[in-house]
Each structure stands twice: as C-alpha cells, then as structure tokens.
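Biologist: I am new to this structure and would like a close look at a single part. Please take one strand and what lies around it, and explain the terms as you go.

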Amino acid sequence: FNFHAPSFVVAGRNSVHQTGELLNQWGAGKNIMVVCGNKTYSLGLLNSLLDSIRSGGFTPCVFHGSLPDAPDPSVELAAEGTARLKEFAPDLLVALGGGSAMDTAKAIACMLDVDGDIIAYCKGQIKPIRRSNLLFAIPTTCGTGSESTDIGVVLDREANYKYIFANPFAGPDVAILDPVLLTALSPSMIAATAMDAFSHSAEAYTCKAANVMMEPLALASMEMIVKHL
C-alpha cells in the first residue's frame with residue numbers, strides 16, 4: 001500500500017497567530033494570497049490571520065468575492081482563482097475556511113505551473129508536477145480533513161459532475177489547527193461537521209483499502225470524537 005501524509009501540522013489554541021512566524025520559517029516571499037469563503041470573511045475570522053501575516057513582514061491579498069459557502073468549489077471558481085494568482089504572483093497561498101476554501105486553494109496551487117484547465121488536470125490529461133509555491137491550510141470547521149490530504153474536489157455545474165484530483169503534490173505543506181476558530185460555529189454546525197469527521201474515520205477503517213497505517217488513526221479519531229462531541 002501507499003501512505004502519504006503531506007502536511008506539517010501545527011496544533012494548539014490561538015496557533016493561527018503563529019502564521020507570520022511560520023511563513024518566515026518556511027522561507028515565504030513577500031506576497032501571500034489568502035483564499036477564504038464568504039462566511040469566513042463575514043464572521044471576522046480573517047482578521048487575526050491577516051494581522052499575523054502582516055506582523056511577519058508580508059503583504060496579503062484576499063480572494064473571497066466569488067467563493068460560495070458550498071461543499072465543493074466550481075470549475076469556474078478554480079479558473080478565476082488561478083487567474084488571480086498569476087496576476088498577483090504570490091509566493092505562498094493560505095487557505096482559511098471549510099473544505100470548499102481548502103479545495104479551491106489546492107486547485108489554484110496545482111494549476112499555477114501547468115497549462116490547461118482543472119478538468120483536464122483531474123482527468124489525467126495534464127501531468128502533475130511539484131508546485132513552485134507553498135500552500136498553508138487553516139480549517140475553520142471540524143469535518144473535511146482537507147488540510148492534511150492530497151485530494152481535492154471541483155464541481156462541473158454544467159455537467160453536474162464532481163471531478164477529483166489526487167496526487168502527492170496537491171496536499172498543503174503546512175496545516176494550522178486552531179480550535180479557537182471553531183467557536184464561531186453554531187452548535188448545529190459543530191455537530192454536523194464533527195459527524196462528517198466521524199463518518200470519514202469510519203469509512204477509512206471499514207473500506208477495502210484500509211491498511212495498518214490507516215486503521216489505528218481511524219480508530220483513535222472515532223474514539224476522540226465520541227468522547228468530546
């Protein structure tokens with residue numbers, strides 16, 4: 001079997017305030033592009049992140065205007081974000097939000113150094129290459145796990161079809177897990193996204209592709225969710 005855990009994980013209360021320091025540790029250039037959802041933006045969750053980025057000596061640019069708070073980003077959104085990325089030319093992307101924001105940032109990062117569109121990329125018509133830009137991911141919900149996987153999803157709304165891209169270069173380089181960000185969620189959203197996390201763990205444990213690396217992680221995850229939720 002193959003096992004790949006792409007992200008360096010930083011976890012702890014208020015760890016989002018370490019973003020500027022981490023950007024310096026990872027040798028990021030001056031320009032930083034932040035991808036977030038509209039709801040994340042409206043809740044003010046972006047403020048502490050931008051403050052930390054600026055305090056580290058970096059210049060952030062926020063991409064959020066067309067990003068819906070939906071489970072999956074659209075093909076058009078990925079194309080819009082890629083165009084914005086090439087225009088701003090950042091040295092690093094930071095995704096802040098739920099699975100949609102993180103998958104959007106993953107798709108944008110993967111398309112930066114290749115020609116073509118994301119559908120062709122998902123179909124394997126474009127060979128994945130190692131990204132020239134770094135990617136940080138900061139989840140604001142419990143459930144997707146997208147901050148530490150090398151898989152993403154985009155939705156072709158015209159065909160009503162979800163495309164999946166998965167390769168060793170798609171995952172974030174750094175994941176920042178700050179539980180304080182979850183306090184902005186309603187109790188019902190906490191419950192829904194935590195059950196999403198539980199279902200992902202149960203699926204990983206029971207699927208035919210389960211292996212000795214996955215099984216203990218899935219079991220521990222389910223135990224923690226049952227205990228704390």
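Modeller: Helices (H or I, at least four residues) and strands (E, at least two) are DSSP runs, numbered from the N terminus, and two strands pair if DSSP finds at least two bridges between them. This is a predicted model, in which local features need pLDDT of at least 70, side-chain atom pairs count only at pLDDT 80 or more, and totals for chains, interfaces and linings use all residues. Residues are numbered from 1 along each chain as its sequence is written, and side-chain values use heavy atoms, with hydrogens and water left out.

The part chosen is strand 8, residues 174–177. Strand 8 runs parallel to strand 1 (residues 8–11), and 4 bridges join them. Strand 8 also pairs with strand 5 (residues 134–139), in the parallel sense, over 2 bridges. Ala 175 of strand 8 is the bridge partner of Val 9, and Ala 137 also stands opposite Ala 175.

Next comes Ser 15, in the loop between strand 1 and helix 1 (19–25). The side chain of Ser 15 reaches the backbone oxygen of Leu 177 at 3.1 Å. Leaving aside neighbours within four places in sequence, Ser 15 is in contact (heavy atoms within 4.5 Å) with Val 10, Ile 176, Leu 177 and Asp 178. Ser 15 has 0% relative accessibility and so counts as buried, a term for under 20% relative accessible area (1.4 Å probe, protein chains only).

Definitions and conventions: Buried means under 20% relative accessible area, exposed over 50%, partly exposed in between (1.4 Å probe, protein chains only). A polar contact is a pair of N or O atoms within 3.5 Å; within protein, one must be able to donate a hydrogen and the other to accept it, and residues adjacent in sequence count only if both atoms are side-chain atoms.
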